[in-house]
2 protein chains.
Amino acid sequence: MDKKNRNPSIKDIARDAGVAISTVSFVINNRDFVSDSTKKKVLKAIDKLGYSPNIIAQSLRTRKTKTIGVIVYDISNPFVAQIVRGIEEIAKQRGYLVQLGCTFNDLAMEERQINVLINQFVDGLLIVSGRDNDKIYRKILKKNIPMVFVDKEVDGLANASVVIDNVEAVKNAVDYLFSLGHRKIGYISYPVSKQTTVKRRYEGYCKGLKNNGLKVNPEYVVMDEIYFNQELEGKDMEITFEIMNKFLMTKKVPTAFITISDLFAYGLLKALRINNFRVPEDISVIGFDNIIFDNYVYPSLTTIKQPKKLMGITGINLLIDIIEGNKIENSTVILDTELIIRESTGPAPNEIT
Amino acid sequence: MDKKNRNPSIKDIARDAGVAISTVSFVINNRDFVSDSTKKKVLKAIDKLGYSPNIIAQSLRTRKTKTIGVIVYDISNPFVAQIVRGIEEIAKQRGYLVQLGCTFNDLAMEERQINVLINQFVDGLLIVSGRDNDKIYRKILKKNIPMVFVDKEVDGLANASVVIDNVEAVKNAVDYLFSLGHRKIGYISYPVSKQTTVKRRYEGYCKGLKNNGLKVNPEYVVMDEIYFNQELEGKDMEITFEIMNKFLMTKKVPTAFITISDLFAYGLLKALRINNFRVPEDISVIGFDNIIFDNYVYPSLTTIKQPKKLMGITGINLLIDIIEGNKIENSTVILDTELIIRESTGPAPNEIT
DNA sequence: TTGTATGCGTTATCAT
DNA sequence: ATGATAACGCATACAA
């Protein structure tokens, strides 16, 4: 008649091995002062009863959960998914569990999610991208919970983060288009203001134009508020397609577009195709992220590559280092981007004036 | 001098409100017999001290973690990601946390992941797709841990699951191609045998041909072992592209291909383009899954739609019902598929013999 | 209706 | 080197 059918505890092991409960604990935790003979006894009992430590109890006792909370806006976004892959990989390696939370860019939901997680449930927080939510971040920092941002700088918030140089990245893309002869360069983006990242990229666009002696032509800049419509969350491709489909039918078009994500670019490519623009003969297109489909859309997409997996890896390593009190070399890491040139960009068309 | 800087516990609340610790617990758990006046006192103290329950301690005490373990093979796969979205949505709604584990189709890793999770850490397990791993599943069932399969039937394992009718789905696709005049219908798949799902789809292919009076021509069936190369995990598009690129250069080609996932189809489309086959004029292509990019590749992809989000939703609802001891109507749910017709399929070309 | 006391499975302190 | 025991924060059986 064994007491219920629950998992054996350290107490059961102690009884079976004929030692004290604390001794078992010592063996489990590899304390070096346990004699070989008792250790063997304990190990045998552990094996016999099929014991494994109760993580919950350990957490309660040690006040460490060995769990990282990761907040993303949409796990089905390929850019995000790659970052998460990197995170998972390292977390496993360093003995941490990953607790994923999706916000779908709903700030209230993000706050709720974070609150659940930090209720003594995670040792630290990794915030991946998404819209800025300063209030809640400040609250976390005040609670002294380790937190690292990935692909996100929050203005005026001194915090560990892993980012790319967004200004430089877009500026390079502009330079490249300029070198191909393009003088009318369009830009498709979320409206600036809600995310530092988005702001920086637009700065890069403006700076790139200026450096090459060009002016920003508002007619070529598309930043529709509809991107922020909560109903349409996760539909960047579709939205861009709709917007640009109208745009191409009614407006003067530039000879090239830079977009702030590959998904935007996919929507644009489709709109161009439907409106009988050839890419890149009539219009060149540059995306952002270098997600795995870029090589498989037609034409294959020139893009600004972000080191997605590395961003995840770097972020979680940084976070775990902070949690474990290791020495941090740099609390802000800036990773390199690279312009990947594929078929969607080419020389500017000769204008017939 | 407050003891450390830890979160307030119910003990602190009790002291502040001048009631017993159990009373606080009663209030928190909404027991109806607490008088309004004491309840108010307690609530005030809770608010004042900023208390929130320690989930770890609750779990230890109640032996319930309100956490679901979800095992997937690759979170960056758009098909999987959509299922997970559905899971997350319902889990949140019903008060559960989701613990995600990626296996990358590594059976040993899957076993390790599952072992971690079921160490008193999750109330139940949701196994999404991926290769069959019978041994470990049997072990879990023996432990009486609630488990539900999504997009997976394991032969000879009576277990709750959410699936589609794979045989019927592919058979319908064959019928459709036949009705368009196709008589040489190819098939691209993982090798059968490692996954019941993959087997069933091939059955559907064979059955479909047979029903229409056609024979399986092995020359038109591509099932390369290289798909199982662990190094190449997650590279279905790339692998298919390579394989089919060679195939198209060296073999006789059918007038249509059915593939077991949209990613395969994307790789095929690219190979066809490079080898100057027109789609659908020369060759028709049918994918499987209906992931969000199908409308944005060129030509847009005809595919067998799986109700991905619904599969996730159904699976987690089933699992939570089992966990909570609710009455289950059907422990095996079969959801409908639908053939979504887009640009990649058309009439069979006229053969010039 | 409210309070007291015990135990969930650990870790860690202090004896021995 | 090992054992006895308190404590982590909570839920609950039982007493009041």
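A polar contact here is a pair of N or O atoms within 3.5 Å. In this predicted model, one such pair joins protein and DNA at R61(A): an N or O atom in its side chain sits 3.0 Å from a base nitrogen of DNA strand D. That contact is a handy place to start looking at how the two protein chains, A and B, meet the two DNA strands, C and D.

Staying with DNA strand D, 29 residues surround it, and the closest are T23(A), R63(A), I10(B), Y51(B) and R61(B). So what part of the strand do the protein atoms come up against? Of the strand D atoms within 4 Å of the protein, 69% belong to sugar or phosphate, and the rest belong to bases. Two residues of chain B reach phosphate oxygens of this strand. A polar backbone atom of I10(B) is 2.6 Å from one phosphate oxygen, and Q58(B) uses an N or O atom of its side chain, at 3.0 Å. Several helices supply two or more residues to the surface near DNA strand D: α2 and α4 from chain A, and α1 (10-17), α2 and α4 from chain B. Sorted by class, that surface holds 12 nonpolar, 11 polar and six charged residues.

Now for the other strand. DNA strand C is surrounded by 29 residues, with I10(A), R61(A), T23(B), R61(B) and R63(B) the closest. Sugar and phosphate make up 68% of the strand C atoms that come within 4 Å of the protein. Backbone atoms of the protein turn up in several of the contacts here. In chain A, a backbone N or O atom of N54(A) lies 2.9 Å from a phosphate oxygen of strand C. In chain B, a polar backbone atom of A20(B) is 2.8 Å from a phosphate oxygen of strand C, while F33(B) places a backbone N or O atom 2.7 Å from a sugar or linking oxygen. The elements giving two or more residues to the surface near strand C are α1 (10-17), α2 (21-28) and α4 (55-62) of chain A, plus α2 (21-28) and α4 (55-62) of chain B. That surface divides into 11 nonpolar, 12 polar and six charged residues.

How do the two protein chains relate to each other? A turn of 180° with a shift of 0.0 Å along the axis lays chain B on chain A, with an RMSD of 0.1 Å. That is the relation of a two-fold axis. The interface fits this picture: 100% of the interface residues of chain B are also interface residues in chain A, so the copies meet through the same surface.

As for the interface itself, 50 residues of chain B are in contact with 50 residues of chain A. Between them the chains bury about 5,000 Å², with 61% of it on carbon and sulfur atoms. Charged partners show up as well, as two salt bridges are found across the interface. One salt bridge links D74(B) to R85(A), whose closest N and O atoms are 2.9 Å apart. Nine residue pairs are in polar contact across the interface of chain B and chain A, counting pairs with both residues at pLDDT 80 or more.

On the side of chain B that touches chain A, two or more residues come from each of α4, α5 (78-93), β2 (97-102), α6 (107-118), α10 (236-250) and α11 (262-274). Of these, α5(B) gives the most, with seven residues. By class, this side of chain B has 26 nonpolar, 13 polar and 11 charged residues.

Note on methods:
Residues are numbered from 1 along each chain as its sequence is written. Chains are lettered from A and ligands numbered from 1 in the order in which they are written. This is a predicted model: local features need pLDDT of at least 70, side-chain atom pairs count only at pLDDT 80 or more; totals for chains, interfaces and linings use all residues. Side-chain values use heavy atoms; hydrogens and water are left out. A residue is near a molecule or strand if one of its heavy atoms lies within 4 Å of it. A polar contact is a pair of N or O atoms within 3.5 Å; within protein, one must be able to donate a hydrogen and the other to accept it, and residues adjacent in sequence count only if both atoms are side-chain atoms. Helices (H or I, at least four residues) and strands (E, at least two) are DSSP runs, numbered from the N terminus. Ala, Val, Leu, Ile, Met, Phe, Trp, Tyr, Cys and Pro count as nonpolar, Asp, Glu, Lys and Arg as charged, and the others, Gly among them, as polar. Copies are superposed by least squares on the C-alpha atoms of residues with pLDDT of at least 70 in both. Contact means heavy atoms within 4.5 Å. Buried area is the accessible area (1.4 Å probe) that two parts lose on being put together, summed over both. A salt bridge is a side-chain nitrogen of Lys or Arg within 4 Å of a carboxyl oxygen of Asp or Glu.
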